[in-house]
There are 12 protein chains.
Amino acid sequence: MYGADRIYKKVEIIGVSKISIEAAIETAVTKARASLDKLSWFEVQDIRGHIGDDGKVSEYQVVLKVAFQLKGE
Amino acid sequence: MYGADRIYKKVEIIGVSKISIEAAIETAVTKARASLDKLSWFEVQDIRGHIGDDGKVSEYQVVLKVAFQLKGE
Amino acid sequence: MYGADRIYKKVEIIGVSKISIEAAIETAVTKARASLDKLSWFEVQDIRGHIGDDGKVSEYQVVLKVAFQLKGE
Amino acid sequence: MYGADRIYKKVEIIGVSKISIEAAIETAVTKARASLDKLSWFEVQDIRGHIGDDGKVSEYQVVLKVAFQLKGE
Amino acid sequence: MYGADRIYKKVEIIGVSKISIEAAIETAVTKARASLDKLSWFEVQDIRGHIGDDGKVSEYQVVLKVAFQLKGE
Amino acid sequence: MYGADRIYKKVEIIGVSKISIEAAIETAVTKARASLDKLSWFEVQDIRGHIGDDGKVSEYQVVLKVAFQLKGE
Amino acid sequence: MYGADRIYKKVEIIGVSKISIEAAIETAVTKARASLDKLSWFEVQDIRGHIGDDGKVSEYQVVLKVAFQLKGE
Amino acid sequence: MYGADRIYKKVEIIGVSKISIEAAIETAVTKARASLDKLSWFEVQDIRGHIGDDGKVSEYQVVLKVAFQLKGE
Amino acid sequence: MYGADRIYKKVEIIGVSKISIEAAIETAVTKARASLDKLSWFEVQDIRGHIGDDGKVSEYQVVLKVAFQLKGE
Amino acid sequence: MYGADRIYKKVEIIGVSKISIEAAIETAVTKARASLDKLSWFEVQDIRGHIGDDGKVSEYQVVLKVAFQLKGE
Amino acid sequence: MYGADRIYKKVEIIGVSKISIEAAIETAVTKARASLDKLSWFEVQDIRGHIGDDGKVSEYQVVLKVAFQLKGE
Amino acid sequence: MYGADRIYKKVEIIGVSKISIEAAIETAVTKARASLDKLSWFEVQDIRGHIGDDGKVSEYQVVLKVAFQLKGE
């Protein structure tokens with residue numbers, strides 16, 4: 001496919017999971033399918049998280065860019 | 001709500017106002033409601049502006065990211 | 001128009017062409033018209049490319065932000 | 001005083017106000033006096049904010065570095 | 001005018017005001033007219049300030065780039 | 001609580017663990033409780049690590065900013 | 001010449017051309033000769049452009065730093 | 001050893017694994033031993049990944065710098 | 001191939017050409033084949049150039065990262 | 001010690017000296033001992049300075065991060 | 001003087017010396033007096049250098065911003 | 001030589017010296033000659049250092065990129 005004129009779009013989303021960074025990425029990628037076209041790749045922008053009253057990490061928040069090919073025209 | 005799997009989306013918009021930086025932010029946030037879901041927070045990316053023929057600031061242009069939760073799946 | 005309250009939206013897209021960087025930008029801008037409102041300007045974020053089996057550049061991939069005014073409300 | 005050996009310390013704080021960016025800075029600088037030495041200057045790192053259920057900016061959050069001279073030895 | 005060959009110059013200046021960030025920008029833009037050609041736009045680079053002996057913000061210092069078209073040749 | 005004047009402080013710490021990135025974050029957050037007030041959130045700044053004589057990762061070092069509300073005044 | 005005490009100055013300019021990125025650079029470098037000393041090198045800072053009503057790139061705007069040796073003293 | 005004149009070299013590699021970010025780092029560090037001297041530490045530069053046709057993360061790609069001491073002369 | 005454990009190496013090179021940015025990239029990619037393994041992609045880091053005594057661009061210098069898969073172990 | 005769970009803290013300080021950059025670093029590191037635990041390393045963030053009425057550098061100001069291990073819990 | 005409306009200008013220069021980084025800064029600051037108003041402070045942007053045929057550093061090149069107050073109006 | 005097609009390679013090294021930043025650079029440049037081609041220039045990326053048990057700087061660590069022309073092909 002390399003060499004053909006085409007375009008991709010990148011959208012910024014944040015996935016949240018209490019389990020791990022990978023789980024937050026997987027949450028973001030899976031849930032994004034409902035409103036975005038078939039995703040091709042992701043790029044991590046930021047890793048953050050919330051700390052609960054018990055002083056432990058209560059969730060991981062991973063800011064991603066996800067990319068997908070824009071079809072048509 | 002912390003700890004629940006969920007995703008947010010961030011969208012980049014530019015608000016313009018001749019009054020102040022805060023007014024440009026408020027313009028962006030208010031007008032964005034027409035096309036975006038309920039917004040949760042904003043992050044200022046850049047502050048710029050136009051200078052009129054009279055040599056004064058004629059408008060403030062504030063580049064923002066606004067974030068909102070993506071519901072459903 | 002300077003001085004009027006208004007907002008713009010910026011979207012991140014990637015244009016691909018085997019010819020040149022400018023052709024990749026033109027591809028992105030032209031194809032984006034199918035799904036985005038009338039575009040006002042673009043900003044180049046990154047220039048990348050693929051290298052073919054013959055050791056030559058097989059395509060240029062240009063990451064852009066394109067901006068357009070959000071009407072209505 | 002220029003030319004004398006001395007050191008300063010920089011601390012990162014976030015001031016919050018519902019009024020304006022300047023009010024958030026003033027809140028940060030004023031409240032920081034309770035736990036920090038006499039402040040000399042500030043540097044804005046980030047400007048963010050929360051958006052309420054009514055779709056308006058409910059508060060400005062300004063991330064600052066504040067600096068003060070470390071006395072004694 | 002779009003499409004015509006032309007050049008702009010960007011100059012970095014710092015405006016200072018005790019009132020607000022916007023007043024510091026306005027000071028910079030207004031005073032710069034004495035030594036620079038007709039300005040077209042500005043871009044905020046940094047927002048800083050001095051803190052007085054009373055522990056309050058005594059002035060805002062806004063680092064800007066201002067741009068203007070270079071005429072003739 | 002949104003809308004009330006308040007300040008937060010951000011402190012930069014490095015958590016170390018031989019197990020995983022998440023374990024290094026958890027180490028940092030848990031151990032920081034001894035000297036810092038109740039933490040609210042963290043932001044990952046850098047992920048690094050040491051490689052042992054056996055050529056394997058011997059520990060993960062995660063540079064974090066942790067934030068907590070400054071009370072009183 | 002290496003090893004001799006000397007200074008250079010860098011100035012930020014924007015070249016505009018409807019043809020290509022290289023033409024915009026050449027415009028900037030050529031037109032800058034009217035007001036700046038003999039230029040030695042350039043560094044591209046940003047590549048942007050305007051999109052016309054026909055949805056095509058109507059001009060390339062290339063932000064450059066150009067450098068030249070300051071003589072005399 | 002601190003205080004002795006010596007040099008290190010840093011090389012940029014990308015490790016890929018379908019399991020986790022840590023596994024991608026471990027892959028990079030382990031496989032790099034074939035062509036690089038004894039590694040001392042790593043620094044994560046970027047975390048990216050591919051998304052498969054099933055809409056799930058099919059692999060993690062971690063861009064690292066790895067460092068090792070250059071011996072002899 | 002996605003999903004298989006593997007590593008890539010990225011090397012920073014500068015291609016020079018008097019013709020265009022694309023020609024400088026092509027020069028870098030082509031000449032790098034003499035000392036580097038089969039290249040897969042490139043990323044532009046910086047675009048610079050020299051200005052001749054005639055005040056015109058005498059060459060484009062493009063700083064690239066080129067990447068290739070490290071085979072074996 | 002590698003492999004043991006532990007945390008470090010990084011603090012931002014500015015050392016000032018009229019002699020040299022190294023002297024400003026040494027001032028910062030030495031004076032910081034009065035209020036900070038045993039320091040392990042430093043990272044230079046910024047190098048600045050003041051210029052006196054005689055047009056010469058009157059002092060170097062070096063912004064550093066210094067790191068030290070947090071003991072106990 | 002704090003609190004008074006005023007503006008500063010920042011100019012980017014490169015000082016060169018074969019002796020040391022400080023000597024390159026001092027060269028830049030001293031030679032800049034011929035064409036610029038009374039300088040107030042400097043900020044180091046980049047430190048580079050040339051390596052001679054003998055494989056030793058033949059000169060240090062320090063990129064600085066120097067700032068001075070713009071008087072009058 | 002300007003205008004001729006050619007390529008350079010940049011390599012990242014860290015020079016260490018207990019004396020000064022310049023000595024660390026000189027160490028890096030001198031020792032790198034054993035494994036790299038004739039170097040043309042260097043660019044400082046980072047300045048760090050170790051602090052000894054006596055609370056003084058025990059060594060400077062300067063991260064550099066060094067560049068050299070790739071011959072042949």
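The following dialogue examines two chain interfaces in a predicted model.

Colleague: What makes chain H and chain I copies related as by a three-fold rotation axis?

Modeller: Chain H can be laid on chain I by a turn of 120 degrees, with a shift of 0.0 Å along the axis and an RMSD of 0.0 Å. The two copies are thus related as by a three-fold rotation axis.

Colleague: Which residue of chain H comes closest to that rotation axis?

Modeller: That residue is H:Val11, whose C-alpha lies at 4.6 Å from the axis.

Colleague: How do you know how many residues of chain H and chain I are in contact?

Modeller: The criterion is heavy atoms within 4.5 Å. By this criterion, 20 residues of chain H are in contact with 14 residues of chain I. The two chains bury about 1500 Å² between them, and 57% of this area is on carbon and sulfur atoms. On the side of chain H, the residues that lose the most area to chain I are H:Glu12, H:Ile14 and H:Lys31, which together account for 40% of what that side buries.

Colleague: Why is the pair H:Glu59 and I:Arg6 called a salt bridge?

Modeller: A side-chain nitrogen of Lys or Arg must lie within 4 Å of a carboxyl oxygen of Asp or Glu. In the pair of H:Glu59 and I:Arg6, the closest N and O atoms are 2.9 Å apart, so the requirement of 4 Å is met. The rule finds 3 salt bridges across the interface of chain H and chain I. Between these chains there are also 6 residue pairs in polar contact, both residues being at pLDDT 80 or more.

Colleague: Which elements of chain H give two or more residues to the side that touches chain I?

Modeller: They are strand 1 (6–17), helix 1 (21–32) and strand 3 (57–70) of chain H. Strand 1 provides the largest share, 7 residues. The residues of this side divide into 8 nonpolar, 8 polar and 4 charged.

Colleague: What makes strand 1 of chain H and strand 1 of chain I a pair?

Modeller: Pairing requires at least two bridges between the strands. Here 5 bridges join strand 1 of chain H to strand 1 (residues 6–17) of chain I, and therefore the two strands count as paired. They run antiparallel, and the bridge partner of H:Ile13 in strand 1 of chain I is I:Lys9.

Colleague: Let us turn to chain J and chain D. How many residues of each are in contact?

Modeller: In this interface, 20 residues of chain J are in contact with 15 residues of chain D. The area buried between them is about 1500 Å², with 57% given by carbon and sulfur atoms. J:Glu12, J:Ile14 and J:Lys31 lose the most area to chain D within chain J, together 40% of what that side buries.

Colleague: How do you know that D:Lys10 forms a salt bridge with J:Glu12?

Modeller: The closest N and O atoms of D:Lys10 and J:Glu12 are 3.9 Å apart. The cut-off is 4 Å, so this pair qualifies. Across the interface of chain J and chain D the rule finds 3 salt bridges, together with 6 residue pairs in polar contact.

Colleague: Which element of chain J gives the most to the side that touches chain D?

Modeller: Strand 1 of chain J does, with 7 residues. That side divides into 8 nonpolar, 8 polar and 4 charged residues.

Colleague: Why do strand 1 of chain D and strand 1 of chain J count as paired?

Modeller: The rule asks for at least two bridges. Since 5 bridges join these antiparallel strands, the condition is fulfilled. D:Ile7 stands opposite J:Gly15 in strand 1 of chain J.

Technical notes
Residues are numbered from 1 along each chain as its sequence is written. Chains are lettered from A and ligands numbered from 1 in the order in which they are written. This is a predicted model: local features need pLDDT of at least 70, side-chain atom pairs count only at pLDDT 80 or more; totals for chains, interfaces and linings use all residues. Side-chain values use heavy atoms; hydrogens and water are left out. Copies are superposed by least squares on the C-alpha atoms of residues with pLDDT of at least 70 in both. Buried area is the accessible area (1.4 Å probe) that two parts lose on being put together, summed over both. A polar contact is a pair of N or O atoms within 3.5 Å; within protein, one must be able to donate a hydrogen and the other to accept it, and residues adjacent in sequence count only if both atoms are side-chain atoms. Helices (H or I, at least four residues) and strands (E, at least two) are DSSP runs, numbered from the N terminus. Ala, Val, Leu, Ile, Met, Phe, Trp, Tyr, Cys and Pro count as nonpolar, Asp, Glu, Lys and Arg as charged, and the others, Gly among them, as polar.
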